[in-house]
Amino acid sequence: MERILQIEFLANQISDYAIAVAIVIVGFVAIQIFKVILTKSLKRWATQRSTPVDNTLIRLVEKAIVPLLQIGVVYVAIANLTLHPILAQTVRVVAVFAATFIAIQLLSHIAEYLLRLYLLRQDNPNLEQSLDAFGPAIRVILWAIGIIFLLDNLGFNISAIVASLGIGGVAIALASQGLLQDLFSYFSILFDRPFEIGDFIIVGDFAGTVKDIGIKTTRLESLSGEEVVFPNTDLTGSRLQNFKKMQQRRIAFKIGVVYETPLEQVQAIPDIIKEIVSNIEGTSFDRAHFSEYGDFSLNFEIVYFVVNSDFALYMDIQQKINLALFKEFADRRIEFAYPTNV
């Protein structure tokens, strides 16, 4: 038996091949045991959490980590043999290429998994669309790093390649400066969240509901129904009003009565207004005052709050107040003022 193990074949003894095969068998068995134990633990954890994102970890173990470990075991087994320099270099290149390919996929999946966890914790389904932008960007970066690593292991002059890529990158950045600004503005909108899809915002003279946040532009539906398209840089560089963030709406309006109104009625008007506003559901009365002598009227200023940000609800409440004031003033023979010509 010992004599058989010492027989040489292709510059290696039979014992060397036996050791290589043993390394592969033992390594694959150990990897399989590791896979079973880890997969069961992850499945138990995923069942307790009952979230689809956690199942990603199981797929990462089965499709990325296990193949990466298997490549490592096979490479160690083959490295134990004496090979022709060309064959040894070929094995090394194939192993590095396969390991790099799987490692990039593993890292991209891990990055996507962590990003999904972040989005779930934000509890904002509108941010799900950010995966469509971040996913390709992350993969491009990882592939660029992986290709540089692969070329370095193949003996290429990485310094010269990186220098040429740097010069080309500057030229590309200058040519696409506007697009890059919009892209960075897009990421700023997603993370800083000044507004989200469905929010009603006002930007300068334009107002509308946010319908889509794209990589370059954001689209609003105006009150009159047409679509208004804004470059993302315009939105991040402008002051905008977001009415969805408003917890309550402060309303201030004025009414005027004629100068012939008796003093007793003028004194009673603030209390009349207070009673009307306070009796309407969804309002919080603040104040009502005889504020000034106008050109043709005695003016009263009224301030109240609508404890809701809905614009339609505010208009319904204001209409109820106006109708109630109209009826109450008519019953008390208090006349509203209007412009007169002498």
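Mentor: Two strands count as paired if DSSP finds at least two bridges between them, and a strand here is a DSSP run of E with at least two residues, a helix a run of H or I with at least four, both numbered from the N terminus. This is a predicted model in which local features need pLDDT of at least 70 and side-chain atom pairs count only at pLDDT 80 or more, while totals for chains, interfaces and linings use all residues. Residues are numbered from 1 along each chain as its sequence is written, and side-chain values use heavy atoms, with hydrogens and water left out.

Trainee: How do you know that β9 and β10 are paired?

Mentor: Between β9 and β10 there are 9 bridges, and the two strands run antiparallel; because the rule asks for at least two, they qualify as a pair. One of the matched positions is Glu 292, whose bridge partner in β10 is Asn 299, and a hairpin of 4 residues connects β9 to β10.

Trainee: What makes β8 and β9 the edge strands of their sheet?

Mentor: The sheet is an open one of 3 strands in the order β8-β10-β9, with antiparallel pairing. Its edges are β8 (249–257) and β9 (283–293), since each of them pairs on one side only. From one strand to the next the twist averages 20°. Strand β8 is joined to β10 (residues 298–306) by 9 bridges, again antiparallel, and Arg 249 stands opposite Val 306 of β10.

Trainee: Why is β10 described as mostly covered?

Mentor: Of the 9 residues in β10, 7 are buried, where buried means under 20% relative accessible area, exposed means over 50%, and partly exposed is what lies in between (1.4 Å probe, protein chains only). For the protein as a whole, buried residues make up 30% of the 342 residues.

Trainee: Which helices lie on this sheet, and how are they directed?

Mentor: Helix α9 (residues 263–278) lies across β8, β9 and β10 and runs at about 160° to β9, on a scale from 0 to 180 degrees between N-to-C directions of lines fitted to C-alpha atoms, for helices over the stretch in contact. Helix α10 (residues 311–331) also packs on the sheet, touching β8, β9 and β10 (contact being heavy atoms within 4.5 Å), and its direction makes about 25° with that of β8.

Trainee: Why is Gln 318 called buried?

Mentor: Gln 318 has a relative accessible area of 9%, so it falls in the buried class. This residue sits in helix α10 and, leaving aside residues up to four places away in sequence, touches Ile 251, Phe 253 and Tyr 304.

Trainee: What makes the link between Gln 318 and Tyr 304 a polar contact?

Mentor: The two side chains come together at 2.6 Å, set against a rule that asks for N or O atoms within 3.5 Å, where within protein one must be able to donate a hydrogen and the other to accept it, and residues adjacent in sequence count only if both atoms are side-chain atoms.

Trainee: Why are Phe 326 and Phe 336 called stacked?

Mentor: Their rings lie 6.4 Å apart centre to centre with 15° between the planes; rings of Phe, Tyr and Trp (its six-membered ring) pair if their centres lie within 6.5 Å, and planes under 30 degrees apart count as stacked, over 60 as edge-to-face and the rest as tilted, so both conditions are met. The pair links distant parts of the chain, with Phe 326 in helix α10 and Phe 336 in the segment after α10, 10 residues apart. Phe 326 is exposed at a relative accessible area of 59%, whereas Phe 336, at 30%, is partly exposed. The count comes to 7 aromatic pairs, and ring pairs link Tyr 259, Phe 290, Tyr 293 and Phe 300 into a cluster.

Trainee: What makes β6 and β7 edge strands in the other sheet?

Mentor: That open sheet has 5 strands in the order β6-β5-β4-β3-β7, paired antiparallel. Strands β6 (227–231) and β7 (240–242) each have a single partner strand, so one side of each is left without a neighbour in the sheet.
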